[in-house]
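Open the model in a viewer and keep the selection tool ready. The stops below go from loops to strands and then to a pocket.

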Amino acid sequence: MGSGRRPGRVARALASLAVPAVVLAGCQGGDGGGADRSPFTGERVADPSAPVLAVKVDNVPAARPPTGLERADIVYVEQVEAGLTRLVAVYSSDLPPSVGPVRSARESDLELLRQFGEPALAYSGAQSKLVPVLEDSPVHLLPPGEAPEAYSRDRERPAPHNMYLDPGAALEAAPDGVGGAGDIGFRFGAAPKGGRPDAGETVRFPNAAVSFTWSGEEDRWLVSMDGRAATTSGGDRLGAPTVVVQRVAIRDSRFGDRGGNITPYSETTGSGEATVLRGGRAYEARWSRPAAEDGTEFTTPQGDPVDFAEGPVWVVLAPAR
């Protein structure tokens, strides 16, 4: 996984597509994907509208290293109780055999995921008062009770940081109607003009930090969590060609945990500031998402789309400044 562009997946997709080279060349850049490209990564894939599965992934030190994040199309970093962070990994183009550790859902996940239409959501549980809210949403819920064959425990790791998901089995257990990948506002193409050289960026939460360091050799941003290199359970360094620091309002939700900590709610509708990292440069941008059903657009101060580099995208839902 050295490049972060997952060449094996692209090669498999190309092998399955009998499309003349001249047609492929005409599908690149400046749009939400193209007929044979993922709207989430801009890469050529066998099925650009495959079902969307979001997985809540633990991110406290005891849960590291994670499994399966290197094959996610999009990874969101969100603030949770006690100023820590949790991840929402979004899969469509490529399903790994295992993802985890899987943890519980939050109210703000529902707003975040509405831009994906009616995706499936895999999670380990939720606070009892939140369950009716989850059940009233259009998201297809896949906790262990709904897909028992898709979950397993790693007995060599301590609970609750040891539950893992088989994404393929989860989607097989999902009810009919799980939505496929579609345009969520991402655009892919040549780098915007301007920007500033940026060798690294750190986003700080009350009790956590996530950092991105540019690697010209690997042509991607390498991820660190709380000052340590973030790797997968297989030993590969996590990273992505494009990172978005999306500044959002983070307020108290109606819910809390057993320790009395109030659950934060990250507001992902509306508009605000953002920084897009690609190619060793940082581009100041604005994000806009008028309603939960809309995608999130990222534009320059002049209103032009900020195109991402092809490949996985990490989005940090950072506290507004």
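In which loop is Pro-65 found? Select Pro-65 in this predicted model: the residue is in the loop between β1 (53-57) and β2 (74-79). Show the backbone and look at the peptide bond that joins Arg-64 and Pro-65, which is cis, with omega about 0°.

Go next to Pro-160, in the loop between β6 (151-153) and β7 (163-165). The peptide bond from Ala-159 to Pro-160 is cis, with omega near 10°.

Two stops concern positive phi in residues other than glycine. Select Ala-82, in the loop between β2 and β3 (85-91); its phi is near 65°. Ala-82 is partly exposed, with a relative accessible area of 39%. Then select Asp-226, in the loop between β11 (220-225) and β12 (228-229). Phi of Asp-226 is near 55°, and Asp-226 counts as partly exposed at 34% relative accessibility.

Now colour β18, residues 281-289, and follow its partners.

- β17 (residues 270-278) pairs with β18 in the antiparallel sense over 9 bridges. Val-276 has Tyr-283 in β18 as its bridge partner. The hairpin of β17 and β18 has 2 residues between the strands, and Gly-279 takes a positive phi near 60° there.
- β19 (residues 297-299) runs antiparallel to β18, joined by 3 bridges. Select Trp-287 and find its bridge partner in β19, Phe-298.
- β8 (residues 196-197) is also antiparallel to β18, with 2 bridges. Pro-197 stands opposite Arg-281 in β18.

Is Gln-246 buried or exposed? Select this residue in strand β14 (residues 242-248). Gln-246 is buried because its relative accessible area is 4%, where under 20% counts as buried. Leaving aside neighbours within four places in sequence, its contacts include Trp-287 and Phe-298, the pair just visited, together with Glu-273, Ala-274 and Thr-296. Val-315, Val-316, Leu-317 and Ala-318 are also in contact with Gln-246.

The last stop is the second largest pocket, with a volume of about 240 Å³. Of the 17 residues that line this pocket, select the closest to its centre: Pro-192, Lys-193, Tyr-283, Thr-300 and Val-306. Tyr-283 was met earlier as the bridge partner of Val-276. β18 gives the largest share of the lining, 3 residues. Coloured by class, the lining shows 8 nonpolar, 4 polar and 5 charged residues.

Technical notes: Residues are numbered from 1 along each chain as its sequence is written. This is a predicted model: local features need pLDDT of at least 70, side-chain atom pairs count only at pLDDT 80 or more; totals for chains, interfaces and linings use all residues. Side-chain values use heavy atoms; hydrogens and water are left out. Two strands pair if DSSP finds at least two bridges between them. Helices (H or I, at least four residues) and strands (E, at least two) are DSSP runs, numbered from the N terminus. Buried means under 20% relative accessible area, exposed over 50%, partly exposed in between (1.4 Å probe, protein chains only). Contact means heavy atoms within 4.5 Å. On a 1 Å grid over the protein atoms alone, a cavity is a set of points where a 1.4 Å probe fits but cannot get out, and a pocket is an open set with protein on both sides within 12 Å along at least five of seven lines; lining residues have an atom within 4 Å of a point. Grid points are joined across faces, edges and corners, and a volume is the space filled by probe spheres set on the points. Ala, Val, Leu, Ile, Met, Phe, Trp, Tyr, Cys and Pro count as nonpolar, Asp, Glu, Lys and Arg as charged, and the others, Gly among them, as polar.
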